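Colleague: I'm new to this one. Could you walk me through how to read it?

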Amino acid sequence: MRVTESDLRLTDGRTLHVYDTGGDGLAVFWHHGTPNTGAPPAPLFAAAGKLSVRWVSYDRPGYGGSSPLPGRDVASAAADVRAVADALGIDRFAALGHSGGGPHALACGALLPDRVLGVVTAAGLAPYDAEGLDWFAGMVPSSAPSLRAAVEGRAAKEAYEAGAGYDPEMFTDADHDALAGTWSWFDEVVGPALEAGPDGLITDDLAYVTPWGFDPVRITAPLLLLHGGQDRIAPAAHSRWLADRCPTAELRVRPADGHISVLDAGAEALEWLAARAG
């Protein structure tokens, strides 16, 4: 697939850096994780080609070529997606989000019901105020403190990131195998996401632990919650909580997978979306 990149100027003066593989098939908006740029997932291009899927995505504000949006909440993704879709002449589309992209895909499903045909989240989070969910339970020690710092506010989160380092223990053996193989693609989207500093990451994490601006229960489109049973970054309990409350949800937990290796089921997720989007 050939990816075309462009910059979209929004009415509020911001710029979104947009990616598009083109074509007349089902448009699937890719919502990237934290910290990534928005380039669509090349390891899923072969599967997408068989299904005539058109990838559309963008760098979230503060990442890559997109302008920062201080204080943004998760809900703001819906307005940005609508602007991109309108600019590209796309009426209806699906959403697929991985990790931190999961809540943003949910936002599109909840706030753009007349546009979204289906939603998939892989290794996503539940709302921070999820009643009855021990939100931090099961997170690896390097992940929970990062998000706890975000709970304390921007200053605490900035201080935390100033001394933070990479912890390989956040990933399972299956994740490390995936990162050394098919999903080595992440090398292409993580480094560039941080070249301009940690603003995108910090703003993402602040958004996850503050009110999202919508209720996932409002999603009326088909919803697939895909999760690895061994996930140490966003434990599977988050998807289970959402599955218990979202009326259109289907839950698929892959017992042996972690946060990255769960994406090996990405081709199946695309087939699921294509079937339900007609």
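Modeller: Sure, starting with a pair of side chains: Arg154 and Glu158 meet in a salt bridge, 3.4 Å from N to O. By that term I mean a side-chain nitrogen of Lys or Arg within 4 Å of a carboxyl oxygen of Asp or Glu. Before we go on, this is a predicted model, where local features need pLDDT of at least 70, side-chain atom pairs count only at pLDDT 80 or more, and totals for chains, interfaces and linings use all residues. Residues are numbered from 1 along each chain as its sequence is written, and side-chain values use heavy atoms, with hydrogens and water left out.

Colleague: Where do Arg154 and Glu158 lie?

Modeller: Both are in helix H5, four residues apart, which is about one turn of the helix. Helices (H or I, at least four residues) and strands (E, at least two) are DSSP runs, numbered from the N terminus.

Colleague: Is Arg154 buried or exposed?

Modeller: In between: Arg154 counts as partly exposed at 31% relative accessibility, and Glu158 is partly exposed too, at 38%. Buried means under 20% relative accessible area, exposed over 50%, and partly exposed in between (1.4 Å probe, protein chains only).

Colleague: What lets such side chains pair up?

Modeller: Side chains of opposite charge can pair when their charged atoms come close. Here the structure holds 13 salt bridges. One of them joins Asp91 to Arg115, with the closest N and O atoms 3.9 Å apart. That pair links distant parts of the chain, 24 residues apart: Asp91 sits in the loop between helix H2 and strand E5, and Arg115 in the loop between H3 and strand E6. Asp91 counts as exposed at 52%, while Arg115 is buried at 10%.

Colleague: Which residue does Arg254 form a salt bridge with?

Modeller: Asp257, with the closest N and O atoms 2.4 Å apart. Arg254 is partly exposed at 27%, whereas Asp257 is buried at 9%.

Colleague: How do I read a buried residue, say His104?

Modeller: Check its accessibility, then its neighbours. His104 lies in helix H3 (residues 101-111) and counts as buried because its relative accessible area is 1%. Contact means heavy atoms within 4.5 Å. Leaving out residues up to four places away in sequence, His104 touches His31, Arg60, Arg72, Val74, Ala77, Asp204 and Tyr208.
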